[in-house]
Amino acid sequence: MSGAAVPVGIEVAEHFQDANQQRHAAVFGMWLWLATELLLFSGLFLVAIVVRVMYPDAVTAVALHLKFWIGATNTAVLICSSLTMSAAIELSRLGWRRGMLACMLATASLGTLFLALKGYEYWRDYVEHMTPFFGFRPYVLSGDRATQLLVDDYFIITGLHGLHLTTGVSVLLGLAWIARRPSFLRHHQHRVEVFGLYWHFIDLIWISVFPILYLLNR
Amino acid sequence: MSPSDTALRDPLTPRPTLGRPDDYLHSEHTLRSWLLTHDHKRIGILYLLSITFFFIIGAIAAGLVRLSLIVPNGMIFSNDTYNRLFSIHGIVMVWFFLIPSIPNTFGNFLLPIMIGAKEVAFPRLNLLSWYIFMVASLFTLADVVIGGVDTGWTFYAPFSTTFSSAWVVPALIGVIVVGFSSILTGLNFVVTVHTMRAPGMTWFRMPIFVWTMYATSLIFLLATPVLTITMLLLLMERGFHIGVFNPAIGGDPVLFQHMFWFYSHPAVYIMVLPGMGVISEVVPAFAQRRLFGYRFVAYASIALATVTFLVWGHHMFVNGMSEYASIAFSIMSFVVAVPSAVKVYNWTATMYKGAIKLRTPMIFAMGYVGLFVVGGITGLYLATLGVDEHVHDTYFVVAHFHYIMVGGTSIAFLAGLHYWWPKFTGRMYPEPWGVVAALFIFIGFNATFFPQFILGYLGMPRRYHEYPPEFQILNVLSSVGATILGAGYLFPMIYLVWSLRFGDPAPANPWDAKGLEWTIASPPPEHNFARVPQVDFEPYDYSEREQRT
Amino acid sequence: MNLSQYPLLLWPPAASAIAQETDWLILAWTALALLLVAPVFVGMTWFAFHFRAGRNVHRGVREGRNHLLEVGWMVIPFVLTLIFFAWGARVFDEDWHPPAGATEIHAIGRQWMWKFQHPGGQSEINDLHVPLGQPIVISEISQDVIHSLYIPAMRIQMETLPDRYTRLWFKADRPGVYRMFCSEYCGTDHSKMDGELYVMKPADYEAWLAHAGTADSLAAEGKVLFSSYGCAGCHLPGATVRAPSLAGVYGNPVPMADGGTIVADDSYIRDKILDPDARKVAGYKQIMPSFKGQIPEDRLVPLIAYIKSLGAPNAEPNGEPTP
Ligand code: HEA
Ligand code: HEA
Ligand code: CUA
Ligand SMILES: [Cu+2]
């Protein structure tokens with residue numbers, strides 16, 4: 001099985017009339033889910049933007065403490081992962097199982113790299129006393145309560161995003177594990193595509209997080 | 001069979017079934033086959049059992065609230081106990097009974113059948129949604145009963161984040177999690193309606209019930225994430241002293257109200273739209289007449305689901321919000337009444353020149369319209385700024401929402417339950433008892449909640465454990481009404497269970513009604529349709545009435 | 001009148017012109033509502049009887065849709081109800097704008113009591129005495145959670161927020177004793193956070209004031225606090241620190257460091273004392289310390305009253321010279 005193309009398709013579940021209907025339902029369902037997720041995040045973005053409009057000074061003070069370079073690197077990492085994910089989808093369509101698996105693993109490792117960098121950034125935040133919610137640790141910008149709201153918002157947004165990414169990586173690994181079976185693409189090719197939507201979405205969220213939190217008022 | 005047959009025969013002789021043994025109820029019998037089922041009908045039944053349980057819990061709390069209010073000096077329960085009781089009542093009734101009631105039971109059972117599908121689009125997700133619901137609701141229930149939450153169902157900050165009991169944290173988690181169950185159900189319904197309709201089932205051939213389910217699902221999808229975020233922020237403030245709402249640590253005290261009502265006002269339409277859907281099925285069936293103004297009613301559902309996002313501020317007229325904002329929210333609330341008015345008038349017109357059979361579902365449906373109208377009009381009173389300044393947070397509001405939620409939606413639920421009971425179970429309920437229950441509920445309901453309008457206008461604030469003595473007589477009246485109402489609810493619980501074994505077997509279409517669900521056996525076979533139906537008829541296609549005098 | 005003597009009360013007493021107007025508003029509204037729903041109730045009952053199944057009546061109707069009818073019952077009720085939207089908004093607008101020359105009383109809410117402070121420095125707990133025929137503005141603030149001051153006889157209420165002033169006004173025109181409640185749920189003893197409103201003839205009110213009164217007016221009390229909290233050290237002329245003079249600040253626009261101006265009202269001054277960094281005054285270096293957590297709410301009231309008295313040159317209490 002050296003990279004030879006395998007047949008690609010969908011096994012139609014009992015309650016669907018045909019593969020098209022099933023694919024349509026799966027993709028549409030994922031879009032709706034992502035729409036609710038987007039609403040979830042936009043509430044938090046709104047808080048950040050309101051704070052920015054009302055207390056520009058506070059935002060500047062916080063932005064100076066955020067690790068711009070880690071954020072930027074992470075943006076690049078995620079964009080790369082979206083590329084490898086797209087490649088995986090493309091290869092799955094062609095039935096190149098090996099290549100697809102490789103791309104999926106590459107995507108997962110980029111995701112993990114992101115999480116590792118993010119973890120390091122959190123640790124730096126902790127060291128720099130940028131954790132106002134830890135009562136036992138004095139907070140550097142304690143004079144200004146608007147900064148606190150923004151920092152907290154930062155932690156909630158990035159934490160929630162990290163949670164999504166962690167889920168994404170786990171699901172991706174699980175999917176790769178199942179997809180290692182040769183018959184996978186014949187029956188469940190659409191799962192790769194649907195998952196791809198989710199992955200791009202996580203990427204997209206980060207691409208909004210980065211300017212809203214790191215770039216503005218720097 | 002006529003009611004008299006039922007009365008004559010021995011009530012305790014089990015009746016045999018008509019349905020073939022391979023229907024969805026009898027295909028498998030193990031507990032496992034229920035708990036791991038992917039069948040939307042079985043999941044609907046699971047929800048039916050769960051929400052009945054939660055209704056009973058909420059009703060016991062309501063009973064105890066009414067018990068306490070018999071005396072003005074609050075000597076029956078302590079102040080904290082009383083506060084916990086109405087919080088349990090509100091939280092359980094809203095999140096664990098009313099919001100999931102019609103969508104998750106009737107919706108699950110009927111929506112796929114009504115559009116000619118074999119299943120919902122994602123059966124496993126559907127089961128997952130039930131499990132999420134059960135875990136979240138039992139967790140919350142344990143929390144509010146054992147621990148005790150004293151914030152009311154609205155969780156207003158900064159009270160909820162500072163002074164209330166610490167048990168509020170698990171309750172918030174429960175409410176967040178149950179939101180995901182709603183989202184998953186809504187998602188499933190929207191995808192099902194979009195992709196699974198049978199050939200020929202165009203949008204304007206769908207029954208209104210499906211339209212309202214669709215509109216409800218849209219609200220689930222759009223509004224629930226806002227609640228999730230709000231509750232998450234509340235948790236952060238409570239747990240980690242992150243100042244969002246509490247001014248003492250840098251937050252804004254009215255921000256919470258904005259965020260909460262941005263979800264919770266649309267949520268009240270989540271509660272009312274499905275009821276309207278049920279009534280739009282029942283009235284044409286028992287009038288044997290096509291639903292008047294079908295398209296307008298369909299559009300009205302979508303209009304409600306849209307405009308509902310623009311009126312949240314009417315809960316906040318007296319919190320110092322700017323005058324112009326208040327005026328804008330007031331007029332939007334008048335606008336949102338228009339689609340409701342359309343529906344009410346159309347139901348009335350549907351009865352004109354019908355051939356009306358006053359069976360239990362129809363009696364409930366007519367009761368629904370009457371009570372909903374009273375609740376709706378008093379909602380407009382509240383939207384009138386000059387009036388709301390006076391009656392905000394009084395029993396007037398309590399009466400308003402009980403008229404809509406209990407007099408409206410819960411009664412629509414009962415109407416639907418009786419209407420589709422033959423379809424769900426393959427058995428007829430005993431007709432005379434249904435009529436008796438409807439009368440008890442109708443009388444008890446008005447006796448309970450009408451006095452509360454007067455109390456509210458007199459100025460009795462809600463969530464009051466002790467009240468001035470001049471309010472006592474009306475309160476006692478209300479408590480007496482609640483007892484009658486409680487008895488009224490008890491009847492269906494008993495006779496419906498009784499009918500499972502002793503009721504007459506139901507034919508496929510006992511009401512001579514239209515709609516795909518009546519074309520298949522009662523109870524339906526496992527996969528609904530042996531062959532996918534071809535739809536070439538309009539909804540509510542009740543033919544000429546002249547012959548049917 | 002003593003309300004608790006009424007075993008069964010069906011309509012609340014109305015003690016102001018606006019209260020009476022609200023009553024008319026709701027009665028007229030009810031009349032229209034009955035008109036609008038009559039077709040529904042009468043129609044349903046009559047149809048259920050007249051067109052019951054098995055009865056031989058004429059049932060032939062034109063099928064097809066009657067647009068005129070459908071649009072008609074959408075638009076006509078809506079337009080009619082707008083009358084009440086407008087009327088309600090008018091009453092609300094009136095309640096939003098107190099007339100000039102109203103007496104200002106401060107209300108501080110906290111779990112679970114009210115404290116009222118009269119302009120003359122008298123303060124009372126839970127109960128409130130006011131003169132007949134004189135517009136009263138109640139300026140409210142909370143020390144902890146949200147409360148709401150509710151006076152049914154005036155048909156009015158307003159939430160009492162932490163960290164923010166809200167106000168409500170009324171002009172009582174019937175002497176008597178009326179109930180006041182806290183209508184926003186605030187915890188364990190929410191239902192006991194109530195009191196009585198005594199509407200008195202002006203002469204009686206004066207007598208009451210004299211009886212209850214402390215010698216010092218609010219502003220005079222504030223003047224003492226102004227020195228004891230060290231404000232005077234910076235804000236009086238001759239201080240070594242460069243800080244703005246507070247004379248004439250109240251009620252006038254203040255230029256802000258970030259451009260723009262703010263009219264100095266109660267909230268502004270309160271914010272300035274508690275959180276001076278939030279809004280900086282143009283032309284000064286911000287060195288004022290925050291007094292958050294040091295000055296309790298019921299002392300802020302006299303402080304602000306004092307600063308306010310500096311604003312109006314003629315109202316200087318005790319005839320002392322303006323600093
Ligand atoms: C199912 C739930 C439900 C529904 C459908 C509604 C429907 C409406 N509600 Fe209600 N409401 C609640 C549940 C609901 N409400 C709850 C739970 C609260 C309290 C929350 C809390 O604080 O705990 C509340 C509180 C509430 C308030 C805040 C009161 C306060 O706290 O001060 C207001 C104010 O505007 C309001 C208005 C309305 C209006 C205008 C409608 C309209 O949609 C009604 C439209 C219906 C009709 C008008 C009737 C039919 C029409 C006719 C018969 C024809 C006549 C036609 C015209 C008049 C045009 N509601
Ligand atoms: C779906 C929603 C729903 C439903 C079905 C109900 C049903 C009922 N509700 Fe509920 N109610 C709410 C939603 C609902 N309610 C909400 C959201 C609130 C606001 C909560 C808050 O402020 O946070 C509220 C608040 C509320 C209050 C105000 C409490 C307060 O502000 O202090 C009252 C008071 O009468 C009340 C009464 C009732 C009654 C009598 C029923 C009846 O219909 C129930 C019928 C059942 C019975 C009447 C039981 C009969 C039993 C007995 C009489 C015996 C009692 C003794 C024992 C059990 C031992 N409700
Ligand atoms: Cu204070 Cu309720
Ligand atoms: Cu509302």
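# Chains and ligands in a predicted model

Student: How many salt bridges does the rule find across the interface of chain B and chain A?

Tutor: Keep in mind that this model is predicted. To count here, a side-chain nitrogen of Lys or Arg has to sit within 4 Å of a carboxyl oxygen of Asp or Glu. Across the interface of chain B and chain A, the number of salt bridges that pass this rule is zero.

Student: And how many residue pairs in polar contact does that interface of chain B and chain A have?

Tutor: A polar contact needs a pair of N or O atoms within 3.5 Å. With both residues at pLDDT 80 or more, the number of pairs found between chain B and chain A is one.

Student: Which helix gives the largest share of the side of chain B that touches chain A?

Tutor: Two helices of chain B each supply at least two residues to that side: H7 (168-195) and H8 (208-240). The largest share is nine residues, and it comes from H8(B).

Student: What classes of residue make up that side of chain B?

Tutor: Sort the residues of chain B that touch chain A into three bins. Two of them are charged and seven are polar. The remaining bin, nonpolar, holds 24.

Student: What area is buried between chain B and chain A?

Tutor: The contact takes 33 residues from chain B and 22 residues from chain A. Carbon and sulfur atoms give 76% of the buried area. The whole area is about 2,500 Å².

Student: Which residues in chain B lose the most area to chain A?

Tutor: Look for three residues that together make up 19% of what the chain B side buries. They are B:Thr195, B:Ile229 and B:Ile242.

Student: Let's switch partners. What area do chain C and chain B bury between them?

Tutor: Here 89 residues of chain C are in contact with 93 residues of chain B. Carbon and sulfur atoms carry 67% of the buried area. Altogether, chain C and chain B bury about 7,900 Å².

Student: Which three residues of chain C supply more of its buried area against chain B than any other three?

Tutor: As a group, they supply 10% of the area that chain C buries against chain B. Their names are C:Met44, C:Phe92 and C:Tyr185.

Student: How many salt bridges are there between chain C and chain B?

Tutor: One to look up is C:Arg179 with B:Glu470, at 2.6 Å from N to O. That pair qualifies because its distance is inside the 4 Å limit. Between chain C and chain B, the salt-bridge count is three.

Student: Which element gives the largest share of the side of chain C that touches chain B?

Tutor: Several elements of chain C give at least two residues each: H1, H2, strand E7 (156-160) and strand E9 (176-182). The largest share is 19 residues, and it comes from H2(C).

Student: Now the ligands. Between which chains does ligand 1 lie?

Tutor: Check which helices line it. Chain B gives at least two residues from each of H9 (255-287), H11 (323-351), H12 (360-383) and H14, while chain C does so from H1 (17-50) and H2 (67-96). Ligand 1 therefore has helices from two chains in its shell, and it lies between chains B and C.

Student: How far is a polar side-chain atom of B:His392 from an oxygen atom of ligand 1?

Tutor: B:His392 is among the residues that come nearest to ligand 1, as is B:His400. A polar side-chain atom of B:His400 is 3.0 Å from a nitrogen atom of the ligand. For B:His392, the distance to a ligand oxygen atom is 2.5 Å.

Student: Which residues come nearest to ligand 2?

Tutor: Ligand 2 has 32 residues around it, of which 20 are nonpolar, nine polar and three charged. A polar side-chain atom of B:His89 lies 2.7 Å from a nitrogen atom of ligand 2. The nearest residues are B:Arg66, B:Tyr82, B:His89, B:His402 and B:Arg463.

Student: Last one: how many aromatic pairs does a search of the whole structure find?

Tutor: Ring centres must lie within 6.5 Å to count as a pair. Over all chains, the total number of aromatic pairs is 83.

Technical notes. Residues numbered from 1 in each chain as written. Chains lettered and ligands numbered in written order. Predicted model: local features only at pLDDT ≥ 70, side-chain atom pairs only at ≥ 80, totals over all residues. Heavy atoms only, no water. Contact = heavy atoms within 4.5 Å. Buried area = accessible area lost by both parts, 1.4 Å probe. Polar contact = N/O pair within 3.5 Å; in protein donor to acceptor, adjacent residues only side chain to side chain. Helix = DSSP H or I, 4+ residues; strand = E, 2+ residues; numbered from the N terminus. Nonpolar A, V, L, I, M, F, W, Y, C, P; charged D, E, K, R; others polar. Near = heavy atom within 4 Å. Phe/Tyr/Trp six-rings, centres within 6.5 Å; stacked < 30°, edge-to-face > 60°.
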